[in-house]
Amino acid sequence: MDVRNELKYILGKEAITLTKMAELMTEKTGRKYTVNSLSGKLLRKSITLDETSELLDIIGYHVEFVKN
């Protein structure tokens, strides 16, 4: 699974830009997120599971681990 493409797909489906997501992440966590920092994390594949979980929670999704 490519986290970057999955997250960008979900954000697109929910009509949320990376700029808006960065603002929402900053509000929720109190840590400064910019469109560049968020985009960079996705490009470098360095976004943490906690950050991914927070991002998804903001837009009403969650991470689920399912055994194959």
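Which residue follows α1, and what is the sign of its phi? In this predicted model, that residue is A15, with a positive phi near 60°. Confidence looks good on paper: the chain averages a pLDDT of 93, and 99% of the residues score at least 70. Helix α1 has the lowest mean in the chain, at 91, while α2 has the highest, at 95.

Now for α1 itself, which covers residues 3-13 and has L7, I10 and L11 buried. Viewed down the helix axis, these buried residues sit within an arc of 100°, so they line one face of α1. That fits the usual geometry: with 3.6 residues a turn, residues three or four places apart in an α-helix point the same way. The buried residues of α1 pack against three partners, namely α2 (18-29), α3 (35-44) and α4 (49-58). On the face turned away from that buried side, α1 carries Y9, G12 and K13, which are exposed. The start of α1 has a contact of its own, with a side-chain oxygen of D2 coming to within 3.1 Å of the backbone nitrogen of R4.

Over in helix α3, K41 is worth a look. The side chain of K41 makes a polar contact of 3.0 Å with the side chain of E51. Setting aside neighbours within four places in sequence, K41 is in contact with Y33, S46 and I47 as well as E51.

Key: Residues are numbered from 1 along each chain as its sequence is written. This is a predicted model: local features need pLDDT of at least 70, side-chain atom pairs count only at pLDDT 80 or more; totals for chains, interfaces and linings use all residues. Side-chain values use heavy atoms; hydrogens and water are left out. Buried means under 20% relative accessible area, exposed over 50%, partly exposed in between (1.4 Å probe, protein chains only). Helices (H or I, at least four residues) and strands (E, at least two) are DSSP runs, numbered from the N terminus. The arc is that of the directions from the helix axis to the C-beta atoms. Contact means heavy atoms within 4.5 Å. A polar contact is a pair of N or O atoms within 3.5 Å; within protein, one must be able to donate a hydrogen and the other to accept it, and residues adjacent in sequence count only if both atoms are side-chain atoms. pLDDT is the predictor's confidence in each residue, from 0 to 100.
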